[in-house]
Amino acid sequence: MVKRNKKKRAQLPFRINIVFFVVFLLFSVLIMQLGVVQILQGQDHQDEIERTIQDTTKIPVPRGKIYDSNHEVIVDNKPLYSITYTPAKGTQAEDRLDVAEDLAELISMDSEDDLKGITERDKREYWYIKDEENKDKADERLEQLDDEKLEELGVEDINELSNAEAYSQTLELITEEEYEDVTEQDLEIIAIKKELDKAYSLTPQIIKNEDVTPEEYARVAENLDRLPGVNATTDWDREYPYGNTFKSLLGSITTQEQGIPKDAEQHYLSRGYSRNDRVGRSGLEEHYEDLLRGRKEQIQYTTTKNGTVVGTETVVEGERGKDLVLTIDMEFQEEVDKIVREELETLIREDPYQHRYANDALAVVIDPRTGELLAVSGQTYDREDEEISNAEFKTLYDAHRPGSIVKGATMLAGYESRVISPGSSFYDRPIEIAGTPSKGSWTQLGTVNDYTALSRSSNVYMFYIALKMGGENRYPFPNGSKASFNPAAFQEMRNYFQQFGLGASTGIDFPFESTGYEGPDVGPGLLMDFAIGQYDTFTAMQMAQYVATIANDGYRIRPHFLKEVRNPIASDEELGSVYRSVNTEVLNRIQMDQSYIERVQEGFRRVFHEPRGTGYNHGWNEKDYNPAGKTGTAEDEEFEDGRKIDLENLSLVGYAPYDEPEVAFAVIVPKTGKVSNRHPVTHEMGKRILDTYFEIKEERDEEAQEENSDQD
Amino acid sequence: MIENGDIAMSKKQSYYIQNDFIVLFILFVCVSLLAIYNAQQLEQYDANFVLQQIVWFTLGAGIVAAIQFFDMDQLYKASPYIYWFGVLILAVLLISPESIARTVNGAKSWFHLPGFSIQPAEFAKISTILFLAATINKHKIKYEISSIKTDTYLLAKLIVITMIPVLLIMRQPDFGTAMVYLFIAGMIIILSGIDWKIIGALIVGISGIIAAALGFIIRFPELAQELGIAGYQVDRILTWFDPSQQSSDATFHFDRAYMALGSGQLFGKGMGNLQVPFPEAHTDFIFSVIGESFGFIGSAVVIFLYFMLLYKLVTLGLNVYKHSPFAAYISFGFLSLLLIHVFQNIGMTLGIMPVTGIPLLLISYGGSSVLSTMIGFGLVYRVAVEHTIQNDYLFK
């Protein structure tokens with residue numbers, strides 16, 4: 001017993017000593033570790049804090065502008081001012097009200113759109129926070145709520161309400177008289193505060209970016225010091241002084257929200273784009289993105305680990321995108337648009353029912369020597385809105401059966417393949433191959449040679465070329481018998497056509513062009529159709545290249561919109577120095593001899609100038625610019641409830657002057673109705689286009705002469 | 001006679017002036033306010049924590065004074081009621097609606113009342129210590145002679161008393177605070193005089209279970225989460241064992257605080273010269289602020305202050321044990337509470353303990369932690385007063 005007691009007495013001091021020893025050990029561990037962290041590694045930690053981080057910020061630069069051939073701006077940059085708000089942490093409603101009150105004096109925010117978003121609650125809240133007295137008054141009312149009202153809210157005591165509920169309730173108690181007593185200035189403040197309220201702390205929120213006037217921008221910029229969190233920044237937007245003219249070919253750019261296209265993200269990112277950069281999405285904006293984008297200014301910020309900026313350095317000087325000068329003459333373009341629109345209108349008005357499918361009229365005007373596109377016009381009629389609008393892109397996207405205009409190519413194919421020779425003649429009467437319908441010219445033309453075959457547009461002459469190329473040499477062809485046919489002839493014929501650009505890419509500087517539809521079947525009848533432009537389809541651009549090739553003595557030139565690239569300069573008045581000029585690019589020379597080409601050129605001249613030429617009755621021969629060309633009418637069709645409606649594509653290609661061609665054109669009006677004495681829409685378009693071209697040219701020459709004489 | 005009376009009066013007053021505890025307390029208040037003031041220079045929060053902390057310390061000093069009006073006997077008798085009241089509040093917290101007990105960081109640990117917030121688990125620590133002390137005292141009176149049987153019985157009682165609040169706190173869930181309870185209980189059990197054999201068996205058993213549980217969590221973290229251990233707790237444990245596995249979110253705060261502490265080097269950067277902002281600088285990571293501001297020397301002084309306080313508690317406990325085991329175990333309980341908080345918090349800041357949200361008692365900002373610590377301090381202070389009175393009688 002005694003022993004046990006002794007043992008027990010000794011127990012506690014022993015155990016507490018052990019505990020205290022453990023405490024001592026633990027504290028020693030702390031001190032030792034403290035020594036390791038602070039003394040041994042201390043300098044490393046300090047170095048880590050002072051280590052700097054370099055961040056590069058890229059500042060977007062304005063995109064290059066686009067000018068027409070006379071240096072008129074087609075696509076401009078409009079500066080966009082925007083006022084942003086970036087609240088600091090812990091910003092209170094009262095702070096925002098102060099900012100809103102100051103801002104209301106500097107910017108206007110009282111358009112209907114701004115004000116219609118103001119709710120009753122906004123007004124109540126404004127009344128509540130604008131004045132301490134109001135606040136006390138409203139809070140008092142809440143305290144004095146009667147039991148009935150409390151019961152309605154489902155609480156016994158007002159303190160049971162959550163903060164948000166209590167606040168709503170306080171606002172509810174503000175009478176209409178009180179909160180409706182607002183001036184217009186107050187409403188503006190409320191509208192601004194509403195925008196400020198949307199901002200998250202440290203994240204910029206746009207308060208106003210539409211219609212910020214330069215004055216507003218300047219006022220805000222001057223007063224930034226008393227507007228905590230507010231900033232005034234500039235951005236730009238594309239502006240089109242010529243409105244919709246040529247716009248579908250100029251293309252568009254993405255918005256900042258859209259940023260770079262998702263499907264080509266890697267492509268853009270690897271070229272230094274940011275995700276929210278605006279890039280060309282279509283047309284020339286897309287095609288010349290690399291030139292237009294410019295070089296972003298890169299600023300390198302050196303910051304310490306805790307975010308203090310210790311250095312700023314411009315690593316790469318920013319440069320606005322380069323300016324493009326196009327080959328298009330906007331004055332001429334506008335005129336051509338007008339001509340095409342008016343003629344299409346006249347045609348439709350002549351017989352709206354018969355012409356119910358004639359919705360488009362397309363025209364391409366090109367300099368055959370250089371490939372410079374002078375005007376590219378497409379007009380399309382919307383039958384629902386009864387309006388004609390611009391659709392220039394259709395000259396590249398839509399392919400149609402061209403009709404007889406291709407006969408120049410057929411003729412040259414005939415010479416080159418030795419199935420005809422200069423002066424060869426055939427008797428024009430319908431040919432009937434067994435199993436196919438009879439095929440003839442528009443009327444029986446009697447004996448035709450190569451010239452008259454073009455000027456009078458003999459289908460039969462072309463049929464014989466096709467048959468002979470296919471290996472069927474009987475002349476005259478015994479109607480009703482089978483024709484022998486070598487399918488390789490189809491490819492041979494297409495190869496010849498492609499040398500003119502028909503069925504091939506024109507090489508135009510545009511992100512997309514159709515090369516037309518190539519008929520899948522072969523046969524002697526189909527080759528005959530092909531020979532008169534009734535089988536494969538071609539775009540207006542291809543037709544223009546074709547006629548330009550003939551006008552240009554067989555050199556196929558790449559058509560292009562871009563004339564020059566200019567270096568950006570600060571001045572708005574003039575253009576910078578030439579960075580690069582687009583040279584004339586010969587894609588190929590057709591195989592045929594110059595003598596053969598000259599015969600086709602002569603045939604084209606006779607179309608307009610010989611009394612029996614298909615264009616003679618339209619007054620072409622009266623023009624002193626001596627035009628040459630080829631008419632065409634292709635059969636086309638639409639189906640209405642399974643019933644076939646026969647329609648005609650009207651086409652015309654030409655150039656002038658005959659001996660020294662400087663302008664070539666192709667026009668096509670697809671799917672016109674078969675109306676007798678139909679409005680000669682293509683001839684009118686063609687004549688007026690050439691008339692306008694030479695008028696403008698004359699004016700320009702006179703102006704230039706005047707300027708020269710002034711200088712002398 | 002009159003003279004004698006005066007002497008008696010001043011004697012009686014001087015019992016209540018425990019110089020060593022008062023000096024230590026004032027030093028801690030100074031360190032706390034300086035550190036919080038410095039943390040505030042980082043301007044991460046709008047509130048003026050220094051001012052609020054002064055309010056808490058003043059309130060706390062009032063509580064210490066109030067406790068002196070009770071004598072040990074009253075506290076002894078009241079201890080079961082105080083304990084059960086603490087348990088009741090913990091239970092109420094769990095069933096309280098979100099409107100007054102919002103879930104923060106996945107744990108429902110606080111009452112959020114208009115104007116202030118309370119963390120009941122902080123207060124229940126003191127009530128639990130009080131009841132554990134009373135229970136041991138009562139047991140020792142009842143069973144003057146201890147045997148394996150009586151020791152086992154005592155152990156069972158102590159375990160039950162501890163586990164009731166611990167289970168409630170686990171439900172919140174607040175793993176860190178629950179561990180604090182277990183640590184305090186463990187210390188008291190060791191010091192309660194229970195036979196080494198029983199304690200040995202208990203230690204072996206518990207450490208086996210803990211090792212198995214940790215092993216399980218580390219090997220199968222997903223499974224552990226499914227079994228109801230909160231994701232952030234699993235993360236913290238994983239972080240402790242394999243720093244390379246740390247998620248950037250879990251390590252970011254710690255990395256900043258650790259870098260700040262280290263950069264203080266030998267002498268520190270002085271007042272108001274902090275370079276690295278990090279969250280919770282005025283609460284859980286306050287030791288980093290001390291380290292950066294006052295360097296190794298300043299930090300070591302703070303650690304030494306705690307050591308001194310613990311030393312005072314050890315000697316106080318030893319001295320009063322003869323007269324009142326109850327008073328001694330209050331001392332030891334408070335000692336354990338301080339020890340675990342200080343070692344865990346500073347150890348966490350130094351990277352040798354896992355990251356848990358345990359405040360550095362007497363220094364970290366926080367109403368609940370300051371007030372509950374001050375209650376514990378008040379009790380210990382009462383013990384010291386009692387001891388002085390007893391000594392006085394003895395020498396008379």
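Guide: Buried means under 20% relative accessible area, exposed means over 50%, and partly exposed lies in between. The model here is predicted.

Visitor: Is Glu319(A) buried or partly exposed?
Guide: Glu319(A) forms a salt bridge with Lys322(A), with the closest N and O atoms 3.6 Å apart. Lys322(A) has a relative accessibility of 14%, so this partner counts as buried. Glu319(A) has a relative accessible area of 29%, so the class is partly exposed.

Visitor: How many residues apart in sequence are the parts tied together by Arg63(A) and Glu285(A)?
Guide: The side chains of Arg63(A) and Glu285(A) meet in a salt bridge, 2.8 Å from N to O. Arg63(A) lies in the loop between strand 1 (52–59) and strand 2 (66–67) of chain A, and Glu285(A) in helix 14 (residues 283–287) of chain A. The pair therefore ties together parts whose separation in residues is 222.

Visitor: What is the relative accessible area of Glu285(A)?
Guide: Its salt-bridge partner Arg63(A) is buried, with a relative accessible area of 2%. Buried means under 20%. Glu285(A) is also buried, and its relative accessible area is 0%.

Visitor: Which residues do shared salt-bridge partners join into one network?
Guide: Take another pair beforehand: Lys644(A) and Asp646(A) meet in a salt bridge, 3.7 Å from N to O. Lys644(A) is partly exposed at 45%, and Asp646(A) is partly exposed at 42%. The network made by shared partners consists of Arg63(A), Arg238(A), Glu285(A) and Glu289(A).

Visitor: Are helix 3 and helix 5 of chain A roughly parallel or roughly perpendicular?
Guide: Ala93(A), Glu94(A) and Leu97(A) in helix 3 meet Tyr126(A), Ile129(A) and Lys130(A) in helix 5. Helix 3 (residues 93–106) and helix 5 (residues 120–130) have axes 10 Å apart and an angle of about 100°. Angles of 65 to 115 degrees fall in one class. The two helices are therefore roughly perpendicular.

Visitor: Which helices of chain A do the buried residues of helix 8 pack against?
Guide: Helix 8 of chain A spans residues 163–172, and its buried residues are Ala166(A), Gln169(A), Thr170(A) and Leu171(A). They pack against helix 5, helix 6 (132–143) and helix 7 (147–153) of chain A.

Visitor: What separates the C-alpha atoms of Asp553(A) and Ile597(A)?
Guide: Asp553(A) is in the loop between helix 23 (540–551) and strand 16 (555–557) of chain A. Beyond residues up to four places away in sequence, Asp553(A) touches Arg589(A), Gln594(A), Ile597(A) and Gln601(A). Asp553(A) and Ile597(A) are 44 residues apart along the chain, yet the separation of their C-alpha atoms is 6.5 Å.

Visitor: Which helix of chain B gives the largest share of the nonpolar patch?
Guide: The surface patch comprises Ile159(B), Met163(B), Leu167(B), Met170(B), Phe175(B), Met179(B) and Leu182(B), with about 540 Å² of accessible area together. Helix 6 (148–170) and helix 7 (175–191) of chain B each give two or more residues. Met170(B), one of the patch residues, is partly exposed at 36%. The largest share, four residues, comes from helix 6.

Visitor: Which residues does His387(B) contact, leaving aside neighbours within four places in sequence?
Guide: His387(B) lies in helix 14 (residues 367–395) of chain B. Its relative accessible area is 14%, so His387(B) is buried. With those neighbours left aside, the contacts are Leu316(B), Asn319(B) and Val320(B).

Key:
Residues are numbered from 1 along each chain as its sequence is written. Chains are lettered from A and ligands numbered from 1 in the order in which they are written. This is a predicted model: local features need pLDDT of at least 70, side-chain atom pairs count only at pLDDT 80 or more; totals for chains, interfaces and linings use all residues. Side-chain values use heavy atoms; hydrogens and water are left out. Patches are made of residues with over 30% relative accessible area and no salt bridge: like charges are joined within 9 Å, nonpolar side chains (Val, Leu, Ile, Met, Phe, Trp, Tyr) within 5 Å. Accessible areas come from the Shrake-Rupley method with a 1.4 Å probe; for residues, only the protein chains shown count as cover. A salt bridge is a side-chain nitrogen of Lys or Arg within 4 Å of a carboxyl oxygen of Asp or Glu. Buried means under 20% relative accessible area, exposed over 50%, partly exposed in between (1.4 Å probe, protein chains only). Axes are lines fitted to C-alpha atoms, for helices over the stretch in contact, and angles run from 0 to 180 degrees between N-to-C directions. Angles under 35 degrees count as roughly parallel, over 145 as roughly antiparallel, 65 to 115 as roughly perpendicular and the rest as oblique. Contact means heavy atoms within 4.5 Å.
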